[in-house]
Amino acid sequence: MNQPRLPDLRPLRTNDTATILVGTALWALALVVLLVVRPAPEHQWWIWTCVSGICGGIFGLWFVRRRDRG
(Lines give C-alpha, C1' and ligand atoms only; values in the text may rest on other atoms or scores of the structure.)
Protein backbone atom coordinates (compact mmCIF):
# COMPACT_ATOMS: atom_id res chain seq x y z
CA MET A 1 0.00 0.00 0.00
CA ASN A 2 3.01 2.31 0.15
CA GLN A 3 2.85 4.15 -3.12
CA PRO A 4 5.52 6.68 -4.03
CA ARG A 5 4.48 10.26 -3.38
CA LEU A 6 3.72 12.32 -6.47
CA PRO A 7 5.74 15.51 -6.89
CA ASP A 8 4.06 18.73 -5.80
CA LEU A 9 2.45 20.75 -8.55
CA ARG A 10 3.95 24.12 -9.36
CA PRO A 11 1.59 27.10 -9.14
CA LEU A 12 0.33 28.52 -12.42
CA ARG A 13 1.73 31.85 -13.47
CA THR A 14 -1.14 34.27 -13.88
CA ASN A 15 -1.51 37.96 -14.55
CA ASP A 16 -3.53 38.93 -11.49
CA THR A 17 -3.51 42.63 -12.33
CA ALA A 18 -5.13 42.05 -15.72
CA THR A 19 -7.73 39.75 -14.20
CA ILE A 20 -8.69 42.32 -11.57
CA LEU A 21 -8.78 45.13 -14.15
CA VAL A 22 -11.12 43.15 -16.41
CA GLY A 23 -13.43 42.34 -13.50
CA THR A 24 -13.48 45.96 -12.33
CA ALA A 25 -14.16 47.16 -15.88
CA LEU A 26 -17.11 44.77 -16.14
CA TRP A 27 -18.55 46.13 -12.87
CA ALA A 28 -18.07 49.67 -14.20
CA LEU A 29 -19.83 48.75 -17.45
CA ALA A 30 -22.72 47.24 -15.50
CA LEU A 31 -22.94 50.45 -13.45
CA VAL A 32 -23.10 52.61 -16.57
CA VAL A 33 -25.82 50.40 -18.05
CA LEU A 34 -27.84 50.60 -14.84
CA LEU A 35 -27.47 54.37 -14.66
CA VAL A 36 -28.74 54.67 -18.24
CA VAL A 37 -31.60 52.18 -17.86
CA ARG A 38 -32.64 53.36 -14.37
CA PRO A 39 -33.99 50.26 -12.60
CA ALA A 40 -37.24 50.37 -10.64
CA PRO A 41 -37.00 51.72 -7.07
CA GLU A 42 -37.09 48.23 -5.56
CA HIS A 43 -34.00 47.33 -7.60
CA GLN A 44 -31.83 50.35 -6.72
CA TRP A 45 -29.57 48.01 -4.72
CA TRP A 46 -28.18 46.76 -8.05
CA ILE A 47 -26.43 50.10 -8.47
CA TRP A 48 -24.79 49.78 -5.06
CA THR A 49 -23.75 46.22 -5.86
CA CYS A 50 -21.85 47.54 -8.89
CA VAL A 51 -20.26 50.29 -6.79
CA SER A 52 -19.18 47.66 -4.24
CA GLY A 53 -17.70 45.53 -7.03
CA ILE A 54 -15.71 48.49 -8.32
CA CYS A 55 -14.45 49.32 -4.82
CA GLY A 56 -13.50 45.68 -4.26
CA GLY A 57 -11.61 45.67 -7.55
CA ILE A 58 -9.70 48.82 -6.64
CA PHE A 59 -8.77 47.31 -3.29
CA GLY A 60 -7.75 44.05 -4.98
CA LEU A 61 -5.59 45.93 -7.46
CA TRP A 62 -3.87 47.82 -4.65
CA PHE A 63 -3.36 44.60 -2.67
CA VAL A 64 -1.94 42.59 -5.59
CA ARG A 65 0.45 45.33 -6.62
CA ARG A 66 1.61 45.74 -3.01
CA ARG A 67 2.07 41.96 -2.68
CA ASP A 68 4.07 41.76 -5.91
CA ARG A 69 6.42 44.55 -4.81
CA GLY A 70 7.36 42.65 -1.64
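Let me begin with Phe-63, whose place is in helix H2. In this model, which is a predicted one, Phe-63 comes out as partly exposed, with a relative accessible area of 40%. If you look from there towards Pro-11, you are looking across 52 residues of sequence and, from C-alpha to C-alpha, across 19 Å of space.

Staying with the helix that carries Phe-63, H2 runs over residues 45-69. Helix H2 has 25 residues, and the distance from its first C-alpha to its last is 36 Å, which is close to the 36 Å expected at 1.5 Å a residue. Which residues of H2 are buried? They are Ile-47, Cys-50, Gly-53, Ile-54, Gly-57, Gly-60, Leu-61 and Val-64, and what covers them includes helix H1.

That brings us to H1, which spans residues 16-37, and I would like to take two threonines from it. Thr-17 lies in helix H1, and with a relative accessible area of 18% it is buried. Once its neighbours within four places in sequence are set aside, Thr-17 is in contact with Leu-61, Val-64 and Arg-65, and of these partners Leu-61 and Val-64 are listed among the buried residues of H2. Further along, Thr-24 is also found in helix H1, and at 15% relative accessibility Thr-24 counts as buried. With neighbours within four places again left aside, the contacts of Thr-24 are Ile-54, Gly-57 and Ile-58, where Ile-54 and Gly-57 belong to the buried residues of H2.

Helix H1 also has a side that I would ask you to look at from the outside. Which residues make the nonpolar surface patch of about 670 Å²? Val-22, Leu-26, Leu-29, Val-32, Val-33, Val-36 and Val-37 make it, and Val-22, to take one of them, lies in helix H1.

Now to the charged pairs. How many salt bridges does a search of the whole structure find? The search finds 3, and I will go through them in turn. One pairs Arg-5 with Asp-8, with the closest N and O atoms 3.1 Å apart. Both partners are exposed, Arg-5 with a relative accessible area of 70% and Asp-8 at 58% relative accessibility.

Another is made by the side chains of Asp-16 and Arg-67, which meet at 2.7 Å, N to O. Because Asp-16 lies in helix H1 and Arg-67 in helix H2, this pair ties together parts that are 51 residues apart in sequence. As for their exposure, Asp-16 counts as partly exposed at 26% relative accessibility, and Arg-67 likewise counts as partly exposed, at 42%. Arg-67 also forms a salt bridge with Asp-68, and there the closest N and O atoms are 3.2 Å apart. Through shared partners, then, Asp-16, Arg-67 and Asp-68 are joined by salt bridges into one network.

Next, the cysteines. A disulfide is a covalent bond between the sulfur atoms of two cysteines, and a search of the whole structure finds 0 of them. Why is Cys-50 not bonded to Cys-55, the cysteine with the closest sulfur? The two sulfurs are 11 Å apart, which is too far for a bond, given that a disulfide needs the sulfur atoms within 2.5 Å. Seen from the other side, Cys-55 is in no disulfide either, the nearest cysteine sulfur being that of Cys-50. The surroundings of the two residues can be set side by side: Cys-50 is buried, with a relative accessible area of 3%, whereas Cys-55 is partly exposed, with a relative accessible area of 46%.

My last stop is the loop between H1 and H2, where Arg-38 lies. Most residues other than glycine have a negative phi, and most peptide bonds are trans. Against that background, the phi of Arg-38 is near 55°, a positive value in a residue that is not glycine. Is Arg-38 buried or exposed? At 55% relative accessibility, Arg-38 counts as exposed.

To draw the helices together before we discuss: H1 is part of what covers the buried residues of H2, Thr-17 of H1 is in contact with Leu-61, Val-64 and Arg-65, Thr-24 is in contact with Ile-54, Gly-57 and Ile-58, and Asp-16 meets Arg-67 in a salt bridge.

Definitions and conventions. Residues numbered from 1 in each chain as written. Predicted model: local features only at pLDDT ≥ 70, side-chain atom pairs only at ≥ 80, totals over all residues. Heavy atoms only, no water. Patch = residues over 30% accessible without salt bridge, like charges linked within 9 Å, V, L, I, M, F, W, Y side chains within 5 Å. Areas by Shrake-Rupley, 256 points an atom, 1.4 Å probe, with all protein chains shown as cover. Salt bridge = Lys/Arg side-chain N within 4 Å of Asp/Glu carboxyl O. Helix = DSSP H or I, 4+ residues; strand = E, 2+ residues; numbered from the N terminus. Buried < 20%, exposed > 50% of the residue type's maximum accessible area, 1.4 Å probe, protein only. Expected span 1.5 Å × (residues − 1). Contact = heavy atoms within 4.5 Å.
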